[in-house]
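Work through the exercises below with the sequence and the coordinates at hand, and attempt each task before reading its solution.

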Amino acid sequence: MVTLLMAAPVLVPVCVAICYLLAGWRPLTAWLAPVSAALTLASALALAAVLPGSRAALDGLIRADRLTEFMLIVIGSVGLLATAATPAWLRGEIAAGRATTRTAARHSVLVQLFLAAMAAAVLAASLGVTWVAIEATTVATAFLVGQRRTRAAVEAAWKYVVICSAGIALALLGLLLLNAAAAHAGAGTGLDWARLAAAATRLNPAVTRIAVALLIVGFGTKAGLAPLHAWLPDAHGQAPAPVSALMSGVLLSVAFCAILRVTAIADLVLGTGFTRALLAVLGLGSLLVAASLLIRQRDYKRMLAYSSIEHMGVMALGAAAGGPLALAAVLLHMLGHGLAKGSLFVSAGRMLQATGTSRIDGVRGLASRLPLLAACTGAGVLALAGFPPFSLFASEIGIIRAGFATGLGGVTAAALILMIVITAALLAHTSRMLLGTDAAAGPAAGGGNGSSAGGAGASDVTAGLAPVVIALAACAVLGLYAGPLAGLLHSAAHTLTRTP
Amino acid sequence: MTGYVQSLDLACGALLVTAVVIVWRRRLSAIIRTFALQGTALAAIAAILAAHGHDPRLGAVAAGVLVLRAVALPWLLRRALGSGPDAGGRETRPLINVTASLLAVAALTMLAYAVSRPLTALDPSPAADAIPVGIAVTLSGFFVLVTRRRAVSQLAGFLLMDNGITATGFLTTADTGLLVELGVSLDVLLAVVVLRVLAGRMRDVFGDTDLDDLRELRD
């Protein structure tokens, strides 16, 4: 039974993908995707409820500890948000002639495979299988990014696959070196996460240092951290809105979870100093990149993408601080960021359908034309900026406090200044889009064709926003009361720091 | 024993020389031919290690590597070059000219020997002594990836990097498990297929695969 619960997050999406492959995209099958995500979420919650400790299944191939359960909750909840918003979005695309039912079916197949690969990455008992699953997410999403087949979309897909594959190849080199160190230690651990951690004291420190640096930079590519982040704004900007929501809300966190596990092993071998310095540099670099490119940003989907780089940087700083409290804050930040950013990308997709432009200066006075969409966008941006009651407020406070407490005072102070700059830029751009009068933008929106398309979309736009409202409400509730999730967060953080 | 060491060094030497040739040549068809040779050298490394260690499973992996790297991937690359306007094309205008590239590869090889000292010291053996070759090929591949402008050349750089990593994996002689090996090979193959299809689409929408035309997206 527990084995079935553990395998469900991988098996259910694969089965649903086969259904889409056979039956195509129809009004009825359109709702299979949210059902699949809901089942993932349900099995994650059931695992968290029934399973006290870590448990392996399928001949030691998969293992679920508290961190895995929490990551499955993130995948399930953001997956549910994105897939529940997909049918309305796809109907809008088909109505506008930018997609056919065949594109919709292929989109649904690839999204399900993407979800299955992410679940496999967090469930895998060994670093090797995690690597394979994370690279598989690149393969599954490549054609989703390039779905529209325009010049910009194909270019984004090319950059995405080349940069991510090269980055993840570095992680593969690190993986092989770590494997060599483990084999030399003679513990027979292979690449199993738990056994590597148990035998960590016997690993050769010099080899482990090279391996860990390669692994963190390599998985950092996929997590959107600074030196190899260049694919992220292009891919997030060009991908279909629900896919952007999944990539930004979950994929980055799944890659970051691999970094957390590598860091946990590295700290046992090398002490905390090495990974702390590495992660602090990567995190601060990401914040710097995000701040410098957000100020003059002209495209609202790219604006959201740079905000993702910022939040991954904040998480990297939290991981650099280390310790159970900081890691619990990082995990809460993952969930809060996933819900808020997922909501914003879904809203941005509807905005693109309603206005026909992704330029910030092409959208004016949204609050008066589409009040619900404007409210969702506004609330989402406030959540991202870290305003209470949203949970990102609590997690950012936790990360900053941990940073000052662990002697990263200078880095944290610099990060705080960059975060304020980023917040100011985000709020300025968003208020220009939401407020103001429609009159100036109305004629400029592209004459009769544009405004009639916007008018037709208006009622539909509102219809697809229920998942966004629920997700933002959940994000706000989490900030006030984490309930049983608080216990899960802390025990997940303790599985990383090995202090049960 | 000496025969084992000599043949292993010969195969690793072939790996490094083919990497240098790939950096040196500009004609894409010649690069692809050299790439097939390199795949053979890589399979030879695995076969030599398998024969030395009497490891039939590694022997099977060697056969798989030969099929994948020496036949299937070069064939895919040639197809990508295929019928487009740049058929039989040349690379063309690399960001760094050939002389400087060769010097860079020499520097990268020295760097590889410097950084992999802990690796050779970990478990001294003829195979471990050759690990820097694998690292040098990986670094050269990364170098080709960032300095070339044709889509197919970038693809070759990616594969060069991957050959180097695979060679390093063989030379550390630590078993990673069959599932991981299969998964890695499958992912690489799929990534190359995806890139090939994207290169074809790029040719459809841009009329060429010169990545200098990729200017739609920037800040």
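**Exercise 1.** Determine how many residues of helix H9 (residues 231-238) of chain A are buried, and state which elements of chain A cover them.

*Solution.* In this predicted model, local features need pLDDT of at least 70 and side-chain atom pairs count only at pLDDT 80 or more, while totals for chains, interfaces and linings use all residues. Residues are numbered from 1 along each chain as its sequence is written, and chains are lettered from A and ligands numbered from 1 in the order in which they are written. Helices are DSSP runs of H or I with at least four residues, strands are runs of E with at least two, and both are numbered from the N terminus. A residue is buried if 20 or more other C-beta atoms, placed from the backbone, lie within 10 Å of its own. By this criterion 8 of the 8 residues of H9(A) are buried, among them A:Trp231, A:Asp234 and A:His236. The cover includes H5, H6, helix H10 (241-270) and helix H12 (300-321) of chain A.

**Exercise 2.** Describe the side of chain A that touches chain B, by element and by residue class.

*Solution.* Taking two residues to be in contact if their C-beta atoms, placed from the backbone, lie within 7 Å, one finds 39 residues of chain A in contact with 37 residues of chain B. Helices H5 (127-145), H6 (151-185) and H8 (205-222) of chain A each supply at least two residues of that side, and the largest share, 21 residues, comes from H6(A). With Ala, Val, Leu, Ile, Met, Phe, Trp, Tyr, Cys and Pro counted as nonpolar, Asp, Glu, Lys and Arg as charged, and the others, Gly among them, as polar, the side of chain A divides into 26 nonpolar, 8 polar and 5 charged residues.

**Exercise 3.** At what angle do helix H4 (residues 98-115) and helix H7 (residues 131-147) of chain B pack, and which residues make the contact?

*Solution.* With axes fitted to C-alpha atoms over the stretch in contact, and angles running from 0 to 180 degrees between N-to-C directions, H4(B) and H7(B) pack at about 140°, their axes 8 Å apart. That angle makes H4(B) oblique to H7(B), because angles under 35 degrees count as roughly parallel, over 145 as roughly antiparallel, 65 to 115 as roughly perpendicular and the rest as oblique. Residues in the contact include B:Leu108 and B:Tyr113 of H4(B), and B:Leu139 and B:Phe143 of H7(B). By class, the contact has 12 nonpolar, 4 polar and no charged residues.

Methods:
Buried ≥ 20, exposed ≤ 12 C-beta atoms within 10 Å, placed from the backbone.
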